[in-house]
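The following exchange asks on what grounds certain terms are applied to a structure. Each answer sets a value against its criterion.

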Amino acid sequence: MTQTASPPAPAPHPAPAGQAPPGRATHASVQPASSGFTENVPRLLNRLQTIAIAACVVFGVLAVVVQVLAWQASGRAAANTEQVVRVQEVQSLLLRADALATNSFLVGGLEPTDARADYDDAVERALRLVTDAAEAQPADREVLADLNAAITDYTTAVSQARDYNRQQLPIGIAYLNDAGTSLRTDALPAVDALVDANAERAVDEMDAQHPWWLLGLGILAVAVLLWVNQQVGRRFRRRVNVGLAVAAAIVGVLALGTGAHAFLREGHNESLRDGAYREAVAAASARTAGNDAKARESQGLINRGAGATYEKNWDEQAAVVDDNTTRSTEGLWGAYVEAHRAIRDLDDAGDWGAAVALATSTEEGSATAALDEFDAATAAVAADQGQQASDGFGSGGAVALVLVALTILGTLAAAGAVTRGIDLRRKEYQ
């Protein structure tokens, strides 16, 4: 039986240009730049958008934190500078009081009214500053409490020495020596510790500006945004995504602006530290040593026959003054040194009475008058330069707040630009 062959199947007609072959889906989207990609492009865009926004937000948050911490550190530097000046003033006043007490003791009997009033004023101001210092810096309160007690012990011993001195009793010298010893072994070491602690804190806070951190964070964020732009460009026929480019520009400008401000503040702080702050500390140190030297001068006369011993102490304090005095006070100190040499020459020659008369004189050109002028001048320099340093460290708060606000707004704008840029590519794909 013969089989009839089946007719051949009709050949498929070619699909018209622009129409997909039968059985294949059509898609009007922009095709990836590289054939063979099978990834989910919408999901990829979401992921890249998340990375870019995260880079902007992380930069903004960390930049704000760095700026706020630097601003707070500047405020603390100002407060610690004020505390250094305040505590050094306490130190100067205590030795000023001791210089007045020992010099008045040489008079014998009732001490001069003016000298007694100046002594009381110095002690009262010192105690008031101790209270102020305790309120200003809680970390110093324990040491300040011990200092307050040491000052009370010192003034009590001085009062006892005065009582015996009025009665012309030699035991008053022993009480006065004990008062000076307790001041230098109990009170002044506590003051020195406070000065060192607050000076260290102040210097540490002066170095709290971190411009390189801000620039580094900005560079890192821009690098991430450029990488995202590259990933988007590989999948779409666009080299630059406008939204990502705008976001990178905003972050870059913010990093440069905040970094430049931090650099300026760092230089400003260094200038203050090497200028006004250092001059304030030096003037206070010179003032303190000068009053201590005057007290040693009087002690050398009170303890007859021990002038050479106390002169060694005088030389030590004079060296401190020489190392810290400025041109504005150098001449005043020189005048006191000259008067002091005359006192020692008289005492060493055996004319104790003439030496005492010269040491206790308040006439122009005397050692007391010269030291008073030196004390007033160094006090003024310390107060003025200390105020300048404190004001300088505490300045710039308005600019810092403006930069923080701009950083926050800029971060939001950059995140918005990223969203808009990615949305354009997302719409092209749909």
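The questions and answers below concern this predicted model.

Q: How do you know which residues and atoms may support a statement here?
A: The model is predicted, and local features need pLDDT of at least 70, side-chain atom pairs count only at pLDDT 80 or more, and totals for chains, interfaces and linings use all residues. Residues are numbered from 1 along each chain as its sequence is written, and side-chain values use heavy atoms, with hydrogens and water left out.

Q: Why is Thr329 called buried?
A: Buried means under 20% relative accessible area, exposed over 50%, and partly exposed in between, computed with a 1.4 Å probe and protein chains only. Thr329 has 3% relative accessibility, so this residue counts as buried. Thr329 belongs to helix H8, residues 327-348; helices here are DSSP runs of H or I with at least four residues, numbered from the N terminus.

Q: What makes the pair Thr329 and Thr325 a polar contact?
A: A polar contact is a pair of N or O atoms within 3.5 Å; within protein, one must be able to donate a hydrogen and the other to accept it, and residues adjacent in sequence count only if both atoms are side-chain atoms. The side chains of Thr329 and Thr325 are joined at 2.8 Å, and the pair is a polar contact.

Q: Which residues does Thr329 touch, not counting residues up to four places away in sequence?
A: Contact means heavy atoms within 4.5 Å. Under that exclusion, Thr329 touches Phe374, Ala377 and Thr378.

Q: Why is Gln299 buried or exposed?
A: Gln299 has a relative accessible area of 4%, and is therefore buried. Gln299 is found in helix H6, residues 242-302. Leaving aside residues up to four places away in sequence, Gln299 touches Thr102, Gly180, Arg184 and Tyr310.

Q: Why is Leu264, also a residue of helix H6, buried or exposed?
A: The relative accessibility of Leu264 is 63%, so Leu264 counts as exposed. Its C-alpha atom is separated by 9.1 Å from that of Pro211, which is 53 residues away along the chain.

Q: What makes the contact of Arg184 and Asp98 a salt bridge?
A: A salt bridge is a side-chain nitrogen of Lys or Arg within 4 Å of a carboxyl oxygen of Asp or Glu. The N to O distance between the side chains of Arg184 and Asp98 is 2.9 Å, and they meet in a salt bridge. Arg184 lies in helix H4 and Asp98 in helix H1, so the pair ties together parts that are 86 residues apart in sequence. Both residues are buried.

Q: How do you know that Asp292 forms a salt bridge with Arg296?
A: The closest N and O atoms of Asp292 and Arg296 are 3.6 Å apart, and the pair is a salt bridge. The two residues lie in helix H6, 4 residues apart, about one turn of the helix. Asp292 counts as buried because its relative accessibility is 5%, and Arg296 counts as buried because its value is 15%.

Q: What is the N to O distance in the salt bridge of Asp274 and Arg273, and why is Asp274 called partly exposed?
A: The side chains of Asp274 and Arg273 meet at 3.9 Å, N to O, in a salt bridge. Asp274 has 44% relative accessibility, and therefore counts as partly exposed.

Q: How many salt bridges are found in the whole structure, and which residues are linked in a network?
A: The search finds 21 salt bridges. Glu89, Arg96, Asp121, Arg125, Arg287, Asp372 and Asp375 are linked in a network of salt bridges.

Q: How do you know that the span of helix H3 is close to the one expected?
A: The expected span is 1.5 Å times one less than the number of residues. Helix H3, residues 141-166, has 26 residues and reaches 37 Å from its first C-alpha to its last, close to the expected 38 Å. The buried residues of H3 pack against H1, H2 and H4.

Q: What makes the phi of Gln168 notable?
A: Most residues other than glycine have a negative phi. The phi of Gln168 is near 60 degrees, a positive value in a residue other than glycine. Gln168 lies in the loop between H3 and H4, and its relative accessible area of 57% is why Gln168 is exposed.
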